[in-house]
Amino acid sequence: MPLITINVIENVFNKEQKREMIEKVTDAMVSIEGEAMRGVTWVVVKDVKEGEWGIGGQPLDSGAVRRLQAGSG
């Protein structure tokens with residue numbers, strides 16, 4: 001059974017967006033392995049505290065992620 005973990009920075013994604021992540025990642029696994037995998041595919045969404053995740057040597061907070069989402073770096 002596959003266990004897929006998605007790490008996101010806290011305060012960026014709401015419950016509905018996380019539900020959509022779980023659904024779409026499960027659908028992707030099923031598209032590869034077949035429908036029988038749906039019931040045994042586990043997806044975990046974990047929130048990482050702001051400032052405890054970095055990119056390019058810089059810690060990220062939710063504001064930085066939102067700027068990245070908006071395309072303004």
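## The nonpolar core

In this predicted model, the largest nonpolar core is made of five residues: I9, V12, L60, A64 and V65. Two of these names, V12 and V65, come up again when we look at contacts, since V12 touches V65. Leaving aside residues up to four places away in sequence, V12 also touches Q17, S62, R66 and Q69.

## A loop residue with a positive phi

Next comes N11, which sits in the loop between β1 (3-9) and α1 (15-33). Most residues other than glycine have a negative phi. N11 is not a glycine, yet its phi is positive, near 70 degrees. With a relative accessibility of 48%, N11 counts as partly exposed, because that class lies between 20% and 50%.

## A salt-bridge network in helix α1

Side chains of opposite charge can pair when their charged atoms come close. Across the whole structure, a search finds six salt bridges. One of them joins E16 to R19, with the closest N and O atoms 2.6 Å apart. Both E16 and R19 belong to helix α1, and they are three residues apart, about one turn of the helix.

R19 also forms a salt bridge with E23, and here the closest N and O atoms are 2.5 Å apart. R19 and E23 both lie in helix α1 too, four residues apart, about one turn of the helix. Through shared partners, the salt bridges join E16, R19 and E23 into one network. How exposed are these residues? E16 is partly exposed at a relative accessible area of 44%, R19 is partly exposed at 39%, and E23 is partly exposed at 38%.

## A bridge between a strand and a helix

Another salt bridge brings together the side chains of D47 and K18, at 2.8 Å from N to O. This pair links distant parts of the chain: D47 is in strand β2 (residues 42-48), K18 is in helix α1, and 29 residues separate them.

Is K18 buried or exposed? K18 counts as buried, because its relative accessibility is 18% and the cut-off for buried is under 20%. Its partner D47 has a relative accessible area of 43%, so D47 is partly exposed. The salt bridge therefore pairs a buried residue, K18, with a partly exposed one, D47.

Key: Residues are numbered from 1 along each chain as its sequence is written. This is a predicted model: local features need pLDDT of at least 70, side-chain atom pairs count only at pLDDT 80 or more; totals for chains, interfaces and linings use all residues. Side-chain values use heavy atoms; hydrogens and water are left out. A nonpolar core is a set of buried Ala, Val, Leu, Ile, Met, Phe, Trp, Tyr and Cys residues joined through side-chain atoms within 4.5 Å. Buried means under 20% relative accessible area, exposed over 50%, partly exposed in between (1.4 Å probe, protein chains only). Contact means heavy atoms within 4.5 Å. Helices (H or I, at least four residues) and strands (E, at least two) are DSSP runs, numbered from the N terminus. A salt bridge is a side-chain nitrogen of Lys or Arg within 4 Å of a carboxyl oxygen of Asp or Glu.
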